[in-house]
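User: I'm new to this structure and would love a close look at a single part of it. Could you walk me through one helix and how it sits in the rest of the protein?

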Amino acid sequence: MIDNKLYEYMQALLRHTPTAFTRYKYHDIDWGSRLVGITGPRGVGKSTMVLQRIKRISSDKTSLYVSADNIYFANHSLTDLADDLIKEGGSHLYIDEIHKYSGWSRELKQIYDTHPQLNVVFTGSSVLDIKRGEADLSRRALMYEMQGLSFREYLKLFHNIDSRAYSLDEILDHKVIIPEIEHPLPLFRDYLLHGYYPFALEGGFAQRMAQVVDQTVEVDIPQYADMKAATARKLKRMLGILAELAPFKPSIDNLATEIGVSKNNVPDYLVYLERAGMIGLLRDDTSGMRNLGKVEKVYIDNPSLINALTSAPNIGNIRETFFYNQMRVNQRVCASKVSDFVAGGYTFEIGGKKKGRQQIEGIDNGRIVRDDIESGHGIVVPLWCFGMNY
């Protein structure tokens with residue numbers, strides 16, 4: 001029999017779960033699949049989205065939401081919970097923060113194989129790799145990755161300004177229109193400061209961001225990579241160094257010397273930080289496949305994180321980071337040999353309102369992306385518009 005406190009916990013969360021705004025991933029997910037995994041960095045709204053699903057669609061009598069770090073699991077297993085849920089007529093099990101449960105992949109596989117009538121949705125850290133678990137779930141689970149708010153989503157969540165998403169071609173053709181906003185730049189500036197994370201609405205943003213960074217670097221990554229505490233501290237020092245230097249072309253030898261580790265470990269540390277949503281690695285396009293090219297530049301993951309990690313961030317860094325962060329959701333973004341980025345068959349040069357065109361002279365499909373302008377013309381496109389693509 002399932003402890004009634006688990007249902008009470010779920011009901012308390014559901015009562016405080018808003019449904020007016022849902023993240024961009026909500027309608028992409030095949031919620032009817034037998035096993036669904038949702039990963040993403042801390043603080044981007046995975047838990048809220050799952051609770052919204054329960055509140056909107058599922059029946060309280062057939063669904064159960066649990067967090068994998070609940071004290072219940074001190075004396076019970078996931079398989080125990082699934083068995084009891086089935087016996088009580090349940091059909092949907094939602095498990096939050098699955099990475100906090102030891103042996104999660106093995107038990108999820110067992111649940112999948114023994115209870116074909118049960119739908120399971122789990123969330124986890126973006127460093128989680130279902131292929132590295134004790135049981136391979138890659139053929140069983142539909143996996144979705146979610147990142148933080150776009151500028152479009154920020155407008156809806158923070159200011160109740162609704163707008164559809166625009167494709168890259170629509171953005172480049174100057175078709176982005178938001179009738180409710182006469183001057184978008186003040187809101188765009190606010191977004192860059194803290195608009196990437198939904199929890200900014202709750203106040204105490206600086207403190208919450210510090211907690212996100214600490215938990216990610218000191219708990220999530222070490223748990224995933226089986227790191228010792230001393231190694232985790234070195235990883236945090238690396239993030240601090242990257243925050244001051246980014247965007248820059250990484251020197252493996254210099255980073256290894258700065259944090260006191262073998263240079264053979266540095267590439268792995270960079271990938272861990274990237275998967276955890278702390279940094280972005282801009283690669284070249286030589287491999288023809290996403291995430292396999294040579295790393296040309298290291299970025300902090302998003303502008304809000306930059307502002308949390310550094311006291312006086314460079315505006316040029318903020319601009320490039322915003323473009324890379326927003327566009328990578330729907331496009332393969334690579335380093336350009338002559339400019340800043342290549343994406344969707346276009347070459348992009350990022351700058352302020354006085355940014356010239358010399359950098360892309362003679363380049364087919366070259367575009368100038370300018371900050372500090374409200375509208376564009378020809379090959380000149382406002383930077384804020386690229387935040388409307390998801």
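Analyst: Happy to; here is a look at helix α13 and its surroundings, in a model that is predicted.

Let's start with the whole. The protein has 13 helices and 12 strands, and its C-alpha trace spans about 70 × 55 × 40 Å along the principal axes. A compact globule of 390 residues would have a radius of gyration near 21 Å, so the 22 Å of this protein agrees with that picture. Buried residues make up 55% of the 390.

Now to the helix. α13 covers residues 315-327, which is 13 residues, and reaches 18 Å from its first C-alpha to its last, close to the 18 Å expected. At its N-terminal end, N314 acts as a cap: a side-chain oxygen of N314 lies 2.7 Å from the backbone nitrogen of G316.

How much of α13 is covered? Mostly, it is: 10 of its 13 residues are buried. The buried ones are I318 and the run R319, E320, T321, F322, F323, Y324, N325, Q326 and M327.

F323 offers a link to the surroundings, since it is one of the residues that F348 touches. Others touched by F348 include L168, L172, F341, V369 and F386. F348 and F386 are, in turn, among the residues that touch the most other members of the largest nonpolar core, which has 125 residues. Helix α8 (residues 205-225) gives this core its largest share, eight residues. In soluble globular proteins, nonpolar side chains tend to be buried together.

Definitions and conventions:
Residues are numbered from 1 along each chain as its sequence is written. This is a predicted model: local features need pLDDT of at least 70, side-chain atom pairs count only at pLDDT 80 or more; totals for chains, interfaces and linings use all residues. Side-chain values use heavy atoms; hydrogens and water are left out. Helices (H or I, at least four residues) and strands (E, at least two) are DSSP runs, numbered from the N terminus. The expected span of a helix is 1.5 Å times one less than its number of residues. Buried means under 20% relative accessible area, exposed over 50%, partly exposed in between (1.4 Å probe, protein chains only). A polar contact is a pair of N or O atoms within 3.5 Å; within protein, one must be able to donate a hydrogen and the other to accept it, and residues adjacent in sequence count only if both atoms are side-chain atoms. A nonpolar core is a set of buried Ala, Val, Leu, Ile, Met, Phe, Trp, Tyr and Cys residues joined through side-chain atoms within 4.5 Å. Contact means heavy atoms within 4.5 Å. The radius of gyration is taken over C-alpha atoms; the globule rule is 2.2 Å times the number of residues to the power 0.38. Lists of a residue's contacts leave out its neighbours within four places in sequence.
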